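Hi everyone, thanks for coming. Please bring up the model on your screens, and we'll walk through some helix packing and some empty space.

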Amino acid sequence: MKIAQVKINHYENPLGCDLENLRVSYKICDALGKKQKQARILVSINPDMSDSVYDSGAREDIDNLGFLLPIDLMPRTRYHVQVESWSDANEYAKSEIFWFETAKLNEVWAAKWIGSPLGKNTPPVFAKEFETFGECQKARIYSTGLGMYEIYIDGQKVGDEYFAPGCTNYEDRIQYQTYDATLYLKNSGTHKIEAYLADGWYKGRFGLRRRENNYGDDYAFLAEIHIFDKSGNETVIGTDETWLARKSEITFSSIYDGEIYEPEIKNSPKFENAVLKNIGFELLTPRNCEPVYIHEKFSPVQIIKTPAGETVLDFGQNMSGFVRFACKIPKGEKVTLQYGEILQNGNFYRDNLRSAKAEYTYISDGNEHEISPHFTYYGFRYAKITGISNEEILKKFEAVALYSDIKRVGSIKTSNEKVNRLIQNSEWGQRSNFVDVPTDCPQRDERMGWTADTQVYCKTALFQTDAYNFYRKYLKDMASEQKHTGGAVPHVIPAFGMRDDSCSVWGDAATIIPWSLYLFYGDIQILSEQYESMKAWVDYIYSLDEQTGGKRLWSTGFHFGDWLGLDSETGTDVKGGTDDTYIASAYYFNSAQILAKSAVLLGKSGDAQKYGKLSNEILAAIRKEYFTSTGRLAVNTQTGYVIALAFGLCPDFAKERIAADLAQKLKLNKVYLKTGFVGTAYICKVLSDNGYNDLAYRLLLNEDCPSWLYAVNMGATTIWERWNSVLPDGKISDTGMNSLNHYAYGSVVEWMYCSIAGLNPTEKSPGFKEAIIAPKPDCRIKEAEMSYDSPMGTYKICWKIEDDGLFKLKVEIPFGARAELVLPNAQKEPEILTSGVYEYSYLPSPPLIKTYGISSPISELLQKKECIDVLSSFGIDANAIPAALADSTIVEIKHMPFISITDEKLKELDFELNRIK
């Protein structure tokens with residue numbers, strides 16, 4: 001028995017993070033027992049755990065998913081944590097010692113905000129020399145900047161992160177970071193600290209208006225360095241008017257447009273005194289974001305000389321990040337890099353980046369340098385190089401993927417390599433768009449935290465990664481924006497001044513994301529922290545509802561609707577054809593229902609009753625407006641049916657009919673998608689859960705446009721914004737709004753975890769303390785295996801369909817967890833599994849291997865020669881069947897002239913087709 005992954009507020013050994021509602025969580029593995037009997041939490045300032053500041057004692061009520069620590073924290077203090085646990089098999093384990101270290105908390109800042117005397121448009125470097133005496137025992141830097149900043153000590157960058165202090169609503173929240181500077185100050189003597197500043201999100205060109213100075217028009221920096229020698233003596237150095245400022249050699253930096261680097265400026269610096277800034281400290285908050293780091297690294301897979309004479313490096317993978325390189329060229333010469341996602345006619349292409357220049361320029365000082373950007377990033381697979389043509393040098397250019405430090409926790413793989421590539425594309429889409437905020441795309445003049453993209457992909461992201469704190473930071477900014485809007489949620493978070501607009505689906509991120517985090521982590525604190533935000537959103541919709549007569553429908557205002565759906569009335573609109581009021585009202589109901597359930601969990605009985613009543617009234621209004629007495633849905637679109645089933649809008653008696661109508665709607669479109677952002681996220685799971693698993697797999701495995709595998713066949717390495725972002729001839733379909741790295745449609749991977757593998761969280765015992773395991777295999781995929789390191793521990797599911805039809809399943813349940821297992825086509829009741837490994841082998845009934853018959857779609861019969869031969873033997877000419885009937889069955893068209901078969905012969909035909917394997 002072992003205790004692993006002891007975390008504080010979902011961080012491992014957090015340094016200077018936001019520790020609001022302090023709590024500890026942990027996992028238990030390698031145990032003989034099934035569940036925890038008792039546990040004990042110890043917290044001490046001392047590394048040997050002596051003189052504890054908190055001792056829970058051995059207790060039965062300690063929940064490993066989250067236990068609140070009732071400790072009054074001191075500023076700038078390291079605490080050590082150890083967990084003991086006893087199992088129901090009388091096993092005992094003691095964890096390693098983990099730690100967390102507080103930031104400044106409510107401590108008064110000794111430092112002062114400083115600014116630059118060089119002008120508002122000249123990126124500055126602030127500098128200070130200081131002495132240390134004796135060997136440094138510990139050193140910390142507490143710092144922040146307006147906009148981005150990096151700190152160097154004696155020429156060495158402090159830490160490995162990029163883009164501090166992060167992308168927030170600077171009007172309300174400015175994060176500050178805590179850095180361990182001990183190693184940089186180990187030796188006594190004279191040291192020099194420098195802070196480079198750049199525009200970043202704070203004052204650079206950014207946002208939906210692509211304007212500068214969204215939050216301010218001048219640079220500022222704040223830093224406080226605390227140095228302790230071996231005797232415990234403390235030296236504090238803070239920013240003040242004694243610091244100096246000079247012009248930065250990074251002469252231009254913009255998230256959209258790139259960077260210019262001129263090292264010659266550093267060779268002849270001209271210093272002036274820094275100036276004090278009257279900014280205040282009330283907006284400062286310890287960091288609550290995961291740092292942005294360099295992750296994967298790529299060498300060029302090809303050096304291309306294009307027909308236009310360009311030199312282009314192909315790195316083989318679309319990503320967010322940049323290219324770094326070393327070179328020595330004559331003084332004054334330039335090297336320019338331009339970034340793009342695709343080639344056109346074999347040439348470099350960047351028109352789909354719109355106004356984003358996405359360039360990097362190096363102007364040589366004659367010396368050799370290791371060169372890379374500092375305060376910008378790009379979305380790219382290709383880089384066009386001007387100024388260097390030597391292939392030996394170009395081979396050493398390196399692309400690096402840059403994104404927030406979120407740990408991978410899930411993986412899923414199938415026997416279909418194209419599906420596996422799709423899964424990888426979804427993962428790369430997430431990596432590329434998790435750059436401090438969940439962006440829509442990493443390349444063009446946008447890169448913003450669009451709320452709809454975020455909420456439709458949220459559960460996929462949570463299966464793939466431990467993204468709790470990543471989303472928590474995003475939600476904090478969402479709540480801060482709502483304080484300015486009367487509860488409305490702006491389309492993008494942070495809003496960058498665009499708070500005027502709000503709509504359904506997008507704004508419903510306020511309820512859907514916290515609820516998803518609760519389901520996946522079982523930590524009720526996220527609901528507690530976000531409750532007022534969730535409530536404000538529902539109250540905002542309610543106020544609009546009341547203004548239009550209290551019909552309990554959301555029938556006013558602009559809505560994006562089923563964005564990028566393919567069934568608009570004009571056929572050219574970027575918004576699908578599903579009724580806006582229907583979609584908006586469905587999400588109104590969903591958010592009110594989530595809020596009511598959250599109120600119950602938080603003990604807010606009055607709100608629980610109020611919003612439970614509201615959600616019931618909305619549901620009744622939807623059913624009255626959109627469903628007939630016989631159960632017909634008035635919104636006759638794929639997305640209309642999908643939402644009815646996904647949100648439980650249809651009456652119970654009509655559920656089977658609505659599912660059948662959805663299936664028929666798909667068949668009328670040759671089982672191809674017409675859904676946009678709203679419908680695509682749910683369609684496969686809705687089909688699998690309602691008896692049409694075969695159609696869900698058909699959608700997954702389709703290879704013509706529109707489909708997921710169309711992009712895979714076209715060489716995509718990420719998810720596209722549009723189903724047809726690139727046309728079959730390789731031409732990009734549109735330049736106005738066409739990203740090749742847009743993760744929203746990658747939400748299909750959630751269905752792969754939930755239905756192909758079969759793992760689902762439960763509301764009854766969230767955090768995967770209890771799970772439902774119900775794999776829904778299909779013969780078109782012979783094998784699947786999944787691993788998910790849940791907050792309880794690792795779930796594993798692996799299944800295979802043998803050639804003879806035998807179904808083999810292996811399931812692993814982590815310690816302390818339970819799962820209800822529903823075996824596919826096993827003709828038996830579900831069984832309850834506790835922790836352990838379980839294996840099954842049986843012949844399903846009906847079989848999972850492919851069978852043929854008169855109820856098979858004609859398109860399937862025509863794909864197999866043996867079936868065509870059998871049809872011919874009964875006088876049916878396969879070539880005579882119209883293509884429009886490909887998704888019909890022999891039974892459905894048996895009386896048509898090109899079939900014309902008696903019922904007796906039909907039975908014989910069915911028997912012969914059944915014999916084909």
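With what handedness does α4 pass α16? Keep in mind as you look that this is a predicted model. The crossing of α4 over α16 is left-handed. Helix α4 covers residues 417–433, and its axis comes within 9 Å of the α16 axis, at a crossing angle of roughly 120°. That angle is why α4 counts as oblique to α16.

If you want to colour the side chains, pick V419, L422, I423 and S426 on α4, and V748, V749 and M752 on α16. Sorted by class, this contact between α4 and α16 has 6 nonpolar residues, 1 polar and no charged ones.

Let's stay with α16 and turn to another partner. Helix α14, residues 693–701, has an axis that comes within 12 Å of the α16 axis, and the two cross at roughly 140°. The pair α14 and α16 is therefore oblique. Here too we have a left-handed crossing, with α14 passing α16. Which residues meet here, from α14 and from α16? From α14 they are A696, Y697 and L700, and from α16 they are W751, M752 and I756. The class count for the α14 contact with α16 is 6 nonpolar, no polar and no charged residues. You may have spotted M752 already: M752 is in the contact with α4, and M752 is also in the contact with α14.

One more pair, please: α11 and α13. Their axes lie 9 Å apart and the packing angle is about 60°, so α11 is oblique to α13. The way α11 passes α13 is again a left-handed crossing. On the α11 side, look for Q638, T639, V642, I643, L645 and A646; on the α13 side, V678, G679, Y682, I683 and V686. By class that contact has 8 nonpolar, 3 polar and no charged residues.

Now for the empty space. What is the volume of the largest pocket? About 1200 Å³. Its lining has 40 residues, and the closest to the pocket centre are K459, A646, Y682, K685 and E763. Several elements give two or more residues to that lining: α5 (451–464), α7 (509–521), α9 (580–601), α11 (638–646), α13 (677–689), α16 (748–757) and β37 (759–761). So that you can connect the two halves of this talk, A646 and Y682 also belong to the contact of α11 with α13. By class, the pocket lining divides into 21 nonpolar, 9 polar and 10 charged residues.

How many cavities of 30 Å³ or more does the structure hold? There are 5. The largest cavity has a volume of about 200 Å³. It is lined by 18 residues, and K7, K27, D466, Y521 and P791 are the ones nearest its centre. Three strands each give two or more residues to this lining, namely β1 (2–8), β2 (23–29) and β39 (783–790). The classes here are 7 nonpolar, 6 polar and 5 charged.

Last stop, the second largest cavity, with about 80 Å³ of space. Its lining is L422, S707, W708, A711, I719, W720, R722, W723 and Y745. That gives 7 nonpolar, 1 polar and 1 charged residue. And L422 takes us back to the beginning, as L422 is one of the α4 residues in the contact with α16. Thanks, everyone!

Terms used:
Residues are numbered from 1 along each chain as its sequence is written. This is a predicted model: local features need pLDDT of at least 70, side-chain atom pairs count only at pLDDT 80 or more; totals for chains, interfaces and linings use all residues. Side-chain values use heavy atoms; hydrogens and water are left out. On a 1 Å grid over the protein atoms alone, a cavity is a set of points where a 1.4 Å probe fits but cannot get out, and a pocket is an open set with protein on both sides within 12 Å along at least five of seven lines; lining residues have an atom within 4 Å of a point. Grid points are joined across faces, edges and corners, and a volume is the space filled by probe spheres set on the points. Helices (H or I, at least four residues) and strands (E, at least two) are DSSP runs, numbered from the N terminus. Ala, Val, Leu, Ile, Met, Phe, Trp, Tyr, Cys and Pro count as nonpolar, Asp, Glu, Lys and Arg as charged, and the others, Gly among them, as polar. Axes are lines fitted to C-alpha atoms, for helices over the stretch in contact, and angles run from 0 to 180 degrees between N-to-C directions. Angles under 35 degrees count as roughly parallel, over 145 as roughly antiparallel, 65 to 115 as roughly perpendicular and the rest as oblique. A crossing is left-handed if the near helix is turned anticlockwise from the far one by less than a right angle, and right-handed if clockwise. Contact means heavy atoms within 4.5 Å.
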